[in-house]
Amino acid sequence: MPQQPAPVEKSQPIDDDLPLAREAQRAVRVLNPSGNVTMPRPPRRRVIAIANQKGGVGKTTSTVNLAVALALHGNRVMVIDLDPQGNASTGLGVEHGAGTPSVYEGVVEGMSLDEIAVPVDGIPSLYCVPATIDLAGAEVELVNVVAREGRLEKAIATFSGELDYIFIDCPPSLGLLTVNALVAAEEVLIPIQCEYYALEGLGQLLRNIELIKAHLNARLRVSTILLTMYDKRTKLADQVEQEVRGHFSEIVLDAVVPRSVRVSEAPGYGQSIMTYDPGSRGATSYFEAAEEIARRGAKLSRRGKNQKGGN
């Protein structure tokens, strides 16, 4: 009997339901390597302060990742690091050692942001105004300065480029630097961690925002709340989410950022989670949050559109 040839194995199609395939699809969606996918741009420039006087709630992480997500999808973005610790500068891989031109020179010495803002490597249309340790003394130096609350707003007005978003990363306090951010901004984004002390001190922040709105910046409003550090394994996280959504309703983003080791690791490599691990749950969550912010921004009225915020 002649020997039968061994059957030829047919190549199996890649199963899109495989975890690795799903992660790859998420990574492509987040990184947008072709540049063809864009998030809608606002009709005018949006200046957003990311504020919460409680530390460790994800202000800097949210600032960096939202900015990168928007920039990767066709928006022109600037991050202003207003925290003397300079963590946003670190997360974007921007030099912020002593002697580096920084937001201190812009706020205290009146230097133009054109001379301070630096492009972020590998991210098109993303700029960072870094913070150095010099900023730690800025509040003391500004005490006797006329119109000290408006120094950052004045510095922003010196930037000659066109931008869609300016994100201001505030320090974890309600001091003069945070006041400067709230005077310069039109919107406030508040990250709230899904933990026991989530709402502690939030009332004081909201009262300060109302005071600034009444006396210094009538345009200011809380436009966005982002839930961070969500752990679906606990009932507490669900309770905090329900309480926040019940109280603040439509300004709470649908996207919720999970507690993630990968998100915490990324700054150690001078990267955002969007580039460090684009297929991770953390990157996907921030991508979805940025999409929501972009969609809401696209609905903004064109009234008040300024020269630096054009399409």
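Leu70 counts as buried in this predicted model, with a relative accessibility of 0%. The residue sits in helix 2. Setting aside neighbours within four places in sequence, Leu70 is in contact with Met39, Asn75, Val77, Tyr165, Phe167, Ala290 and Ala294. One longer-range relationship is worth picking out: Asp164 is 94 residues from Leu70 in sequence, yet their C-alpha atoms are 9.5 Å apart in space.

Two of those partners, Ala290 and Ala294, belong to helix 12, and that brings in the packing of two helices. Helix 2 spans residues 59–72 and helix 12 spans residues 281–298. Their axes come within 9 Å and cross at roughly 70 degrees. Since angles of 65 to 115 degrees count as roughly perpendicular, helix 2 and helix 12 are therefore described that way relative to each other. On the helix 2 side, the contact is made by Thr61, Ser62, Asn65, Leu66, Ala69 and Leu70. Helix 12 answers with Tyr286, Phe287, Ala289, Ala290, Ile293 and Ala294. Sorted by character, the residues of this contact come out as nine nonpolar and three polar, with no charged residue in the set.

Another two partners of Leu70, Tyr165 and Phe167, lead on to the aromatic residues. A search of the whole structure turns up four aromatic pairs. In one of them, the ring centres of Tyr165 and Phe167 are 5.8 Å apart and the ring planes are at 0 degrees, so the pair is stacked. Both members are out of reach of the probe by the numbers: Tyr165 is buried, with a relative accessible area of 0%, and Phe167 is buried too, at 0%. Tyr196 and Tyr197 form another pair, with ring centres 5.0 Å apart and planes at 80 degrees, so this one is edge-to-face. Here the surroundings are more open: Tyr196 is exposed, with a relative accessible area of 64%, while Tyr197 counts as partly exposed at 47%.

Helix 7 (residues 176–184) is a neat case of burial. Nine of its nine residues are buried, so the helix is largely enclosed by the rest of the structure. The residues in question are Leu176, Leu177, Thr178, Val179, Asn180, Ala181, Leu182, Val183 and Ala184. What they pack against is a mix of strands and helices: strand 1 (46–50), strand 5 (165–169) and strand 6 (187–193), along with helix 5 (138–141), helix 6 (151–156) and helix 8 (202–215).

Leu177 gives a closer look at this helix. Its relative accessible area is 3%, which puts Leu177 in the buried class. Beyond its neighbours within four places in sequence, Leu177 is in contact with Leu82, Pro84, Leu135, Ala138, Glu139 and Pro171. Arg148 lies 29 residues from Leu177 along the chain, and 9.6 Å separates their C-alpha atoms.

As for annotation, the unreviewed UniProt entry assigns "domain: AAA" to residues 46–221. In the model, the C-alpha atoms at the two ends of that span lie 12 Å apart. Helix makes up 32% of the span and strand 16%.

Notes. Residues numbered from 1 in each chain as written. Predicted model: local features only at pLDDT ≥ 70, side-chain atom pairs only at ≥ 80, totals over all residues. Heavy atoms only, no water. UniProt positions renumbered as here; feature names shortened; annotations may be inferred. Helix = DSSP H or I, 4+ residues; strand = E, 2+ residues; numbered from the N terminus. Axes fitted to C-alpha atoms, helices over the stretch in contact; angles between N-to-C directions. Parallel < 35°, antiparallel > 145°, perpendicular 65-115°, else oblique. Contact = heavy atoms within 4.5 Å. Nonpolar A, V, L, I, M, F, W, Y, C, P; charged D, E, K, R; others polar. Phe/Tyr/Trp six-rings, centres within 6.5 Å; stacked < 30°, edge-to-face > 60°. Buried < 20%, exposed > 50% of the residue type's maximum accessible area, 1.4 Å probe, protein only.
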